[in-house]
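This report walks through one protein chain for a reader who has the sequence and the coordinates at hand. Please keep both in view while reading.

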Amino acid sequence: MAHIIYADHAATTQLDTAALSAMMPYLTDLYGNPSAPYSAALAPKEALRQARQTIAACIGADADEIFFTGGGTESNNWAIKGTAFAGDFPAPIVTSAIEHHSVLAPCAALQRLGCSLTRLPATAEGIVTDTALEQHLPQGTKLVSVMLANNELGTVQPISSLAAIAHRHGALFHTDAVAAIGRMPLDVKALDVDLLSASAHKFGGPKGVGFLYIKRGTPIAPLLDGGAQENGLRAGTENVPAIVGMAAALQHRTTDIGAHRAHLSHLTAHFLEGLQAAGISFIRHGTEDTLPGLLSLAFPSIEAEALLHRLDLLGITVSAGAACNGTATTTSHVLQAIGLSEEEAASTIRVSFGYTNTKEDVSAFIAALQSILF
Ligand code: PMP
């Protein structure tokens, strides 16, 4: 890509150089099928073992609790459908109104098959509270699924206390950690979750690969049948280079998470101060305590879509609503769920800084906004 100021890291990230180097041998010489019985399978098989171990260590899990998937969408679909199809069916499911479509759509698909579905409300600040779950937890609920951090607002949800409530009522707890992982420290035991979804391309890994953490003993049916891979639970020849890249990227992010968060917080503060100093009026959605580097901002004087394109012409990349929402003209369900009017939602952009952004990028961004808005 030509030099741009890329501020849409919540949509995807550039491949980490450490990940690329780790992947190269498996894209070239070490291409054997890891399930084969001969010696050309040994190196890919060992690479999978090590990647599983590395990822497990990064999130406080055991290696046999990590299952490789084709990304965040697959992990979410598997967690939701796989638990629904294991044991009694249909059973109630609880999720929230601010989830990603890859959670909402499988829940809706199960609702069409007879499962009762509850979507918990969020507060005006974008938080799904313990009270909301206590008040809307039907008898016999099998799964509660609430995301760790929201991808449009950056708001971090009170997962360990929500999980405790779910467990007290005999339900399993799943969290979509796709937006959070790599931007905050993460430990599955501290979160007390049974299932956790992640996607590599959000933290410097390649696209089309992710993992699902499944706590040992959690009843779950396969989503994909047809092979013995992933302990018989996820059929299909493993994408060895991508899995190796994902592990390298996650290790990199996890090792320097403190410095990464400090860098992102610094850029956020510089950006907000710059907006104020330039006299640009804006409204920030969500809480103060969001994921570092992720801001949901309304500029009331301009439509977000127009602003996105004007910034794009100046070489600055941001998002209007969530990128995977498809057409930018549909109002974001997340912004609706926190009570914004259509007009307020239509003037909201998401800025998500990342690893590669600098203070100079932020200053250039402010200057571009000034040139567009004044
Ligand atoms: N969940 C969240 C919160 C996301 O932001 C995304 C990606 N936009 C996904 C799930 C889907 O992940 P993937 O792109 O790997 O399918």
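The following paragraphs take up a sheet, the nonpolar cores, the salt bridges and some backbone details.

The structure is a predicted model, and local features are reported where pLDDT is at least 70.

**A three-stranded sheet and its helix**

Three strands form an open sheet in the order E9-E10-E12, and their pairing is antiparallel. The edges are strand E9, residues 283-285, and strand E12, residues 348-352, each of which pairs on one side only. From one strand to the next, the twist averages 35°. Between E9 and strand E10, which covers residues 294-298, the antiparallel pairing extends over three bridges, and within this part of the sheet Ile283 has Ala298 in E10 as its bridge partner. Pairing of this kind rests on backbone hydrogen bonds between strands, which may run parallel or antiparallel. Helix H9, residues 257-277, lies across E9, E10 and E12, and its direction makes an angle of about 20° with E10.

**Nonpolar cores**

The largest nonpolar core has 65 residues, and within this core Ile59 and Phe211 have the most contacts. Helix H8 supplies the largest share, nine residues. Because domain 1 (5-12 + 256-373) and domain 2 (17-255) both contribute residues, this core lies between the two domains. If neighbours within four places in sequence are left aside, Ile59 is in contact with Ile66, Ile181, Leu186, Asp187, Val188, Phe211 and Tyr213. Another core, of 31 residues, lies apart from the one that holds Ile59, and its members include Ala278, Val318, Phe353 and Ala368.

**Salt bridges**

How many salt bridges does a search of the whole structure find? The search gives seven, and three of the pairs are set out below with the N to O separations of their side chains.

| Pair | N to O distance |
|---|---|
| Arg49 and Glu46 | 2.9 Å |
| Arg52 and Glu230 | 2.8 Å |
| Glu134 and Arg168 | 3.3 Å |

The pair of Arg49 and Glu46 is a local one: the two residues are three apart in helix H2, residues 42-59, and so are separated by about one helical turn. Arg49 is partly exposed, with a relative accessible area of 46%, and Glu46 is likewise partly exposed, with a relative accessible area of 32%.

Arg52 forms a salt bridge with Glu230, and this pair links distant parts of the chain, since Arg52 belongs to helix H2 whereas Glu230 sits in the loop between strand E8 (210-214) and helix H8 (240-255), 178 residues apart. Are these two residues buried or exposed? Both Arg52 and Glu230 are buried.

The salt bridge between Glu134 and Arg168 joins helix H5, residues 130-135, to helix H6, residues 159-168, and therefore ties together parts that are 34 residues apart in sequence. Glu134 is partly exposed, with a relative accessible area of 42%. Arg168 counts as exposed because its relative accessibility is 58%, and the limit for that class is over 50%.

Beyond these pairs, a network of salt bridges links Asp62, Asp64 and Arg216.

**Backbone details**

Most residues other than glycine have a negative phi, and most peptide bonds are trans. Against that background, some places in the chain deserve a look in the viewer.

The peptide bond from Phe89 to Pro90 is cis, with omega near -5°, and Pro90 lies in the loop between helix H3 (72-85) and strand E3 (93-96).

Asp192, although not a glycine, has a positive phi of about 65°. Asp192 is located in the loop between helix H7 (188-191) and strand E7 (195-199), and at 29% relative accessibility this residue counts as partly exposed.

Asn231 also has a positive phi, of about 60°, without being a glycine. Asn231 is found in the loop between E8 and H8, the loop in which Glu230 also lies, but whereas Glu230 is buried, Asn231 counts as exposed at 68% relative accessibility.

Notes: Residues numbered from 1 in each chain as written. Predicted model: local features only at pLDDT ≥ 70, side-chain atom pairs only at ≥ 80, totals over all residues. Heavy atoms only, no water. Pairing = 2+ DSSP bridges. Helix = DSSP H or I, 4+ residues; strand = E, 2+ residues; numbered from the N terminus. Axes fitted to C-alpha atoms, helices over the stretch in contact; angles between N-to-C directions. Contact = heavy atoms within 4.5 Å. Salt bridge = Lys/Arg side-chain N within 4 Å of Asp/Glu carboxyl O. Buried < 20%, exposed > 50% of the residue type's maximum accessible area, 1.4 Å probe, protein only. Core = buried A, V, L, I, M, F, W, Y, C linked by side-chain atoms within 4.5 Å. Domains from an automatic or database assignment.
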